[in-house]
Structure formats: C-alpha cells, structure tokens
Amino acid sequence: DAANTMIGHKMFYASAYPFAPIGESLRRFRELPFEPQVMEKVLYKNADGLMRRVAQARVKAGLRAPLYA
C-alpha cells in the first residue's frame, strides 16, 4: 500500500541477476499490486529522472556529461 500511496516516487526496480533470471524476476515484480502509474515510475521514470539529475549535476560541476544526458 505504501508504494501506491506514499513512496512510489522513491522506488526503483532491481533484479537479482545473475543469481535469478531477469525475465522471471521482472515477471514476478509485475505481479505485485502496484497501480499502473506507480509501476511505470518504479520500472522506468524514477531511474530516468535520477540519471538526468546526475547528468545535470555533472555538467554544472564542470565534469564531462555522461552519454545518458
């Protein structure tokens, strides 16, 4: 319930690869009772936002921008 109501914007998906097959891990994760918008954040949007903020901070600090930016 907390992911759907309070902390979905702070969560990231992570698999246990190579200790567990990534496809199986992702399938099991998708079976969890997350709201669709929370699932999208956890699987993609939260990490994308973090990586973009890191890229911006690197540029601001005068460091080479990562390819991700």
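A salt bridge is a side-chain nitrogen of Lys or Arg within 4 Å of a carboxyl oxygen of Asp or Glu. The exercises below apply this and a few other cut-offs to a predicted model.

**Exercise 1. Salt bridges in helix α2**

Task: Decide which residue pairs with E24 in a salt bridge, and state how the two partners are placed in the helix.

Solution:
1. E24 forms a salt bridge with R27, and the closest N and O atoms are 2.6 Å apart.
2. Both E24 and R27 belong to helix α2, at a spacing of three residues, about one turn of the helix.
3. An α-helix has 3.6 residues a turn, so residues three or four places apart point the same way.
4. E24 has a relative accessible area of 36%, so E24 is partly exposed. R27, at 40%, also counts as partly exposed.
5. The pair is part of a wider set: a network of salt bridges links E24, R27 and E31.

**Exercise 2. Salt bridges in which α3 residues take part**

Task: Give the N to O distance for the pair D48 and R52 and for the pair K45 and E40, and classify each of these residues as buried, partly exposed or exposed.

Solution:
1. The whole structure holds four salt bridges.
2. One of them joins the side chains of D48 and R52, at 3.1 Å from N to O.
3. D48 and R52 are four residues apart in helix α3, so about one helical turn separates them.
4. Buried means under 20% relative accessible area, exposed over 50%, and partly exposed in between.
5. D48 is at 14% relative accessibility, and therefore counts as buried. R52 is at 40%, and is therefore partly exposed.
6. K45 pairs with E40, the closest N and O atoms being 3.9 Å apart. The cut-off is 4 Å, so this pair counts as a salt bridge.
7. K45, at 44% relative accessibility, is partly exposed, and E40, at 41%, is partly exposed as well.

**Exercise 3. The course of helix α3**

Task: Compare the span of α3 with the expected span, then locate the kink in the helix.

Solution:
1. Helix α3 covers residues 36-60 and has 25 residues.
2. From its first C-alpha to its last, α3 reaches 34 Å, close to the 36 Å expected at 1.5 Å a residue.
3. A kink of about 55 degrees in α3 is centred on V42.
4. V42 is among the buried residues of α3, which also include V38, M39, N46, D48, G49 and A55.
5. The cover over the buried residues of α3 includes α1 (2-7) and α2 (22-30).
6. After α3 comes G62, with a positive phi near 85 degrees.

**Exercise 4. Two buried polar residues**

Task: For N46 and for S25, name the helix, the degree of burial and the contacts beyond four places in sequence.

Solution:
1. N46 lies in helix α3. Its relative accessibility is 10%, so N46 counts as buried.
2. Leaving aside residues up to four places away in sequence, N46 touches G8, H9, K10, M11, F12 and K41.
3. N46 and F12 are 34 residues apart along the chain, yet their C-alpha atoms are separated by 6.5 Å.
4. S25 is in helix α2. With a relative accessible area of 18%, S25 is buried.
5. Under the same exclusion of sequence neighbours, S25 touches Y13, S15 and A16.
6. The C-alpha atoms of S25 and Y13 are 10.0 Å apart, with their positions 12 residues apart along the chain.

**Exercise 5. Surface, helix α1 and the loop after α1**

Task: Identify the residues of the nonpolar surface patch, classify T5, and find the cis peptide bond.

Solution:
1. F12, L50 and V54 make a nonpolar surface patch of about 240 Å².
2. V54 is found in helix α3. Its relative accessible area is 38%, so V54 is partly exposed. The patch cut-off is over 30%, so V54 meets it.
3. T5 belongs to helix α1, and counts as exposed at 61% relative accessibility.
4. T5 and G49 are 44 residues apart along the chain, and 19 Å separates their C-alpha atoms.
5. The cis peptide bond joins Y17 and P18, with omega about 10 degrees. P18 sits in the loop between α1 and α2.

Methods
Residues numbered from 1 in each chain as written. Predicted model: local features only at pLDDT ≥ 70, side-chain atom pairs only at ≥ 80, totals over all residues. Heavy atoms only, no water. Patch = residues over 30% accessible without salt bridge, like charges linked within 9 Å, V, L, I, M, F, W, Y side chains within 5 Å. Areas by Shrake-Rupley, 256 points an atom, 1.4 Å probe, with all protein chains shown as cover. Helix = DSSP H or I, 4+ residues; strand = E, 2+ residues; numbered from the N terminus. Buried < 20%, exposed > 50% of the residue type's maximum accessible area, 1.4 Å probe, protein only. Expected span 1.5 Å × (residues − 1). Bend = angle between axes of the 7 residues up to and from the residue. Contact = heavy atoms within 4.5 Å.
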